[in-house]
Amino acid sequence: MTNLLEINNLSVDFPSRRGQVAAVNKVSIEVAKGEVLGLVGESGAGKSTVGNSIINLLEPPGYISGGEIIFNGNRIDQLSNEEMRKIRGAKIGTIFQDPQTSLNPLMTIGKQLSETLIETLKISGSSAREKSIELLDSVGIPNPEPRLDAYPHQFSGGMRQRVVIALALAGDPDLIIADEPTTALDVSIQKQILDLIKSLCKQRNLGVIIVTHDIGVIAEIADRVAVMYNGQLVEQGKVEQVLQKPKHDYTKSLISAVPSGDQKLHRFTVVDYIDGSEEKVTLENVSEHWLSKNKSSETHGTAVSVKNLSIEFAIRQALFRKNRISLKAVDDVSIEIQTGESFGLVGESGSGKSTLARLIAGLYTPKSGDITIFGHNVLQKTQKTKTSLIRRKMQMIFQDPYSSLNSRMTVEDIISEPIRFHGSTENSSETLKVVRDLISFVGMPSTSLKKYPHEFSGGQRQRISIARALASRPEILICDEPTSALDVSVQANILNLLKDLQEELSLTMLFISHDLPVIRQMCDRVAVMQNGKICEIAETDKLFDHPEHDYSKHLLGLMPRMDLFRL
Amino acid sequence: MFYFILNRLAQAILVMAVVSAISFSLFNFVGDPVNNMVGQDATREQRIEIRQQLGLDDPILVQYQRFMVNVAQGDFGLSYRIKQPVSQLILEKLPATLELVFASAVIAVFIGIVLGVFTGIRRHSWVSKLIMSVSLIGVSLPTFIIGIGLIYLFAVYLRWLPSSGRAGVIELGGWKTSLLTVDGWRSIILPAVTLSLFQLTMILRLVRAEMLEVMRSDYIKFARARGLANRAIHFGHALRNTLVPVITIIGLNIGGLIAYSVITETVFQWPGTGLMFIQAVDFVDVPIMAAYLIFVALLFVVINLIVDILYFVVDPRIRRGGS
């Protein structure tokens, strides 16, 4: 089997004010026809940079500083822009992460397809249209002809990614580079898209490079896998070998950090290979600390009770009522969360799980139904002061650590703001002391207090968010996908931190995630949501071992195949 | 779509009513028109008689009501100074202003977009840097200084173009145009360039900023990864995505052109509605001032309506829900 693509000792440098940063350091990989190579690593490992340097679309000021890229027997890393443009699309197709943003929103997909076909295959407009229909059909878009005149926003996320794949295939390439092709998609759609890529690879005898941070994806689709860490290739080999008998320490810890859906462990395995990823969290005397004062006396009983809650969003405004269309985001939902419990909420995107959390947090006003927190109905309008006192006991941690912190405030200001707002300390020196304690609780040095959010990584920012949430002395913590924007190693740390804090402070936690293994590790009880309704509420172990509802069974069936890479 | 336009029309009517009421009530404070109508030696009785004829002693609401009833019938009254119907005066001056505004809008939009795209794509070339520096002049210099400077350079020093006035006017079915003769073109160049300069730089800078934003987006990267030619990427994909905010600004700016035309028309003695308005202010000619302000408000409202409809044409995402 001759190699379609061969990369020898590739190095990519990014010049910066502080000198050269080597994003990729002497990486050598090869891909054969009909083979799927998985390129796996955490953020910043340089895996996307490898993909981008193959098609010579490095973000400036990055440049290839060494090595060679040989495609079909020819060196391509030294071609001019114009020569390279003829290879892109026609010989090497690319699929990007987010189908929301990789299509031009103002152009029909038919136009985008035929434009690409005319450019790469040099065919006429009318045959381009026929070929477009053929392509859409081959990527599994039903009834493709009328869909040609549709705009990208008229497709769902999964369908849009199919359109992106059709576009990548348009020039009839020999190699496909898929950069995180399923990261922005739901698990059920992820499986369909991966199956599609795999079957296209076999049918058309394509070489495929899948760039991903997700070992589950690799286990699902790849033939061979290359593991990258810090710009270097640490290990390469057959997927079974690498996942079952990893040679390098980094690979071992990376694989063990993936949360398991099979059994409940006390703590998440932490990737200890990564420098400084594990900052020891010591929670001493929390019970006597400021954080534990001012607690309400209830240690058992119902913390949050939601009865027949519904909310609708208007999708289409119209003059006449009959023309209006609204979506029931949360539809007649009732749940009860006990004090000190971790309650999980799981479902695919659009299932209404985040909306339900926002309703409980008071960010939306429901159309009907009741929300009772510590026995107080927070929706009744007569006791507003009582309600705001109760609401203070509840805090939220959001999904995106990049946009949930005010970038113009120092960490100290961010954390002390709720303390000063509620006036919960005696004086400013006590405030400072509490802020210092909080930042060390979440495992960060007190030197970070004077810095601004952009100076921190995603995981560190999420720690700051947690410290900010704790500053209101909450008794209920609502975590909306707190780790889905983070790498596995960082995820393990954050989840362990949340677990520790919950135990020490006996917090009640509402934990929202689409990631079933995470839910299994974090939660005592779980509710499965679909289309705004609750399908099933059960003890976590019972749900995972003996799901009752069909949808729960379906969701569990989509969990990545852990059997392949359990050590 | 229909519901949307209906909604906008209702808003437009409300805006017009408010604008006309405010502008009309303001005129009670700008001075006494009678002083300008009669000579120094007029007696007190003559003044009172004129005031009564004009109905200036009636309460303001009565005056406004009378004014609106007449306006609804297309009657803006007689100019105090020239003693001619205001609507006729405006219609006479309107072609000059509209042609000036049209010419400068074309200059501003065309050159602004072309230079904006250029500087957005080649932002590191020295030509772009030069354009960006020069464009600061357009933003920072007041219109009348630019006008006087251009007159000095092209009319006084080089003697290429006339310094003022509107030449070569031909009547075409009731519309007096100067765009059909060489003399007309020569006389419109300077005022049109002067008037367009500020808007041109605004559009240039906006298009450039939007271009830079769009060129960073994923779909541009994906278009490159599909091997599309640069021309298709820049004009087929990028430019159109910059248009929604640009259309908003262009719409507002065309209104601004009419407002700024007051200064330009004065500098170049261009016989348009702006010049007429300035002269009317000097003489406290309330009917002309009121009519002019209502006319400008109407233009703004109409332009905004057109802009809103253009959004529908440009951006399919706004079209959802419409038939």
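**Entry 1: D223(A) and K198(A).** In this predicted model I looked up the side chains of D223(A) and K198(A), and I found them joined in a salt bridge with an N to O distance of 3.5 Å. I then checked where the partners lie: D223(A) sits in the loop between α8 (215-221) and β9 (224-229) of chain A, K198(A) belongs to helix α7 of the same chain, and the pair, 25 residues apart, links distant parts of the chain. For accessibility I noted 22% for D223(A), which is therefore partly exposed, and 24% for K198(A), which also counts as partly exposed.

**Entry 2: another pair in helix α7.** Staying with this helix, I looked up K191(A) and D195(A), whose side chains form a salt bridge at 4.0 Å, N to O. Both residues lie in helix α7 (residues 187-204) of chain A, and because they are four residues apart there, about one helical turn separates them. K191(A) has a relative accessibility of 29% and so counts as partly exposed, and D195(A), at 40%, is likewise partly exposed.

**Entry 3: helix α2 and a network.** I next turned to E82(A) and K86(A), and I recorded a salt bridge between their side chains with an N to O distance of 3.9 Å. Their positions in helix α2 (residues 81-87) of chain A are four residues apart, so the two are separated by about one helical turn. Which of these two is exposed, and which partly exposed? E82(A), with a relative accessibility of 39%, is partly exposed, whereas K86(A), with a relative accessible area of 52%, is exposed. I followed the contacts of this pair further and found E82(A) and K86(A) in a network of salt bridges that also includes R85(A), E119(A) and K122(A). Over all chains, my search of the whole structure gave 29 salt bridges.

**Entry 4: the chain as a whole.** I listed 19 helices and 20 strands for chain A. Its radius of gyration is 26 Å, close to the 24 Å that the globule rule gives for 567 residues, so I note chain A as being as compact as a globular protein of that length. The C-alpha trace spans about 75 × 60 × 45 Å along its principal axes, and buried residues make up 55% of the 567 residues. Among contacts in chain A with a separation of 6 or more, I found that 70% come from residues 24 or more positions apart.

**Entry 5: surface and charge.** For the accessible surface of chain A I obtained about 24500 Å², with 47% of that area belonging to carbon and sulfur atoms. Lastly I looked up the charges of chain A, 64 positive and 69 negative, and their mean positions are 5 Å apart.

Conventions:
Residues numbered from 1 in each chain as written. Chains lettered and ligands numbered in written order. Predicted model: local features only at pLDDT ≥ 70, side-chain atom pairs only at ≥ 80, totals over all residues. Heavy atoms only, no water. Buried < 20%, exposed > 50% of the residue type's maximum accessible area, 1.4 Å probe, protein only. Rg over C-alpha atoms; globule rule 2.2 N^0.38 Å. Contact = heavy atoms within 4.5 Å. Areas by Shrake-Rupley, 256 points an atom, 1.4 Å probe, with all protein chains shown as cover. Lys, Arg positive; Asp, Glu negative; His and termini not counted. Charge placed at Lys NZ, Arg CZ, Asp CG, Glu CD.
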